[in-house]
Amino acid sequence: MKRLTFGLVFLALISGSTAASTFNPIPIDLKSAAVSSEIPYDEEFDYTKLGRISNLPLEATSASSRKGIVDQVIVNKRNHQMFLMFKNKVVKKFWIALSDRPIGKKQFEGDRKTPEGTYTLDYIKNNSNYYKAFHISYPNANDIANARAHGARPGGMIMVHGQPASGGKFQETVQRTDWTNGCIALLNPDLDQFISMVDVGTPITINP
């Protein structure tokens with residue numbers, strides 16, 4: 001009975017009422033900036049480590065290796081949904097998990113919230129404590145300025161990642177809801193598919 005209930009809830013979540021027709025295309029200038037702009041460097045927090053993060057090699061990309069099948073990713077936090085888009089049409093939909101504080105945009109380091117706005121998926125970690133991970137380019141200059149105005153750091157290392165290695169209670173194929181520290185979590189098989197479809201440099205828009 002519990003498995004049946006979980007399955008019904010899962011199907012209800014992934015088949016939510018949000019339709020592709022409700023999405024507005026990202027303006028060309030914003031999309032261009034998202035793909036081409038560099039990550040702002042904050043001297044108080046080293047967000048970029050030029051080619052290596054935690055001594056792990058990053059995914060190498062080139063023009064010839066680009067897949068070109070997804071041109072933007074849209075996340076709707078309220079519905080726990082992620083849409084992979086191409087030319088404003090949905091090509092794939094995933095059910096996501098967030099933190100236990102899913103409402104509201106990230107303001108500062110340690111608030112356990114997921115950012116809102118348009119960022120860039122800028123590098124891949126093929127070895128992570130959460131299976132694999134695709135980094136989101138939070139914070140931008142506005143995020144840094146807003147956090148400093150409140151006397152805080154903006155935080156960083158926001159990822160689309162997989163599941164933690166199971167210790168028995170949870171498995172990598174069972175998605176819990178609202179358990180991360182502010183990142184966006186997918187099932188491991190879904191994350192493999194996400195990475196196989198999405199190019200480094202793709203913009204991601206995270207809605208409330």
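**View 1. Phe 86 in strand β4 of the predicted model**. Phe 86 lies in strand β4; strands (E, at least two residues) and helices (H or I, at least four) are DSSP runs numbered from the N terminus. The residue is partly exposed at 30% relative accessible area, where buried means under 20%, exposed over 50% and partly exposed in between (1.4 Å probe, protein chains only). Leaving out neighbours within four places in sequence, Phe 86 contacts Gly 68, Ile 69, Val 70, Asp 71 and Val 91 (contact: heavy atoms within 4.5 Å). Its C-alpha atom is 5.1 Å from that of Asp 71, 15 residues apart along the chain.

**View 2. Phe 134 in strand β7**. Phe 134 is buried, with 0% relative accessibility. Apart from residues up to four places away in sequence, Phe 134 touches twelve listed positions, among them Leu 121, Tyr 123, Ile 158, Phe 194 and Val 200. The C-alpha atoms of Phe 134 and Asp 122 are separated by 7.4 Å.

**View 3. The open sheet and helix α4**. Eight strands run in the order β5-β4-β3-β10-β6-β7-β8-β9, with mixed pairing; two strands pair if DSSP finds at least two bridges between them. Because β5 (89-95) and β9 (184-185) each have a single partner strand, one side of each is left without a neighbour in the sheet. Helix α4 (residues 188-197) packs on the sheet and touches β3, β4, β5, β6, β7 and β8.

**View 4. The pairing of β3 and β4**. Strands β3 (residues 72-76) and β4 (residues 81-86) pair in the antiparallel sense over five bridges. Asn 76 stands opposite Gln 81 in β4.

Residues are numbered from 1 along each chain as its sequence is written, and side-chain values use heavy atoms, without hydrogens and water. In this predicted model, local features need pLDDT of at least 70 and side-chain atom pairs count only at pLDDT 80 or more, while totals for chains, interfaces and linings use all residues.

Notes: Axes are lines fitted to C-alpha atoms, for helices over the stretch in contact, and angles run from 0 to 180 degrees between N-to-C directions.
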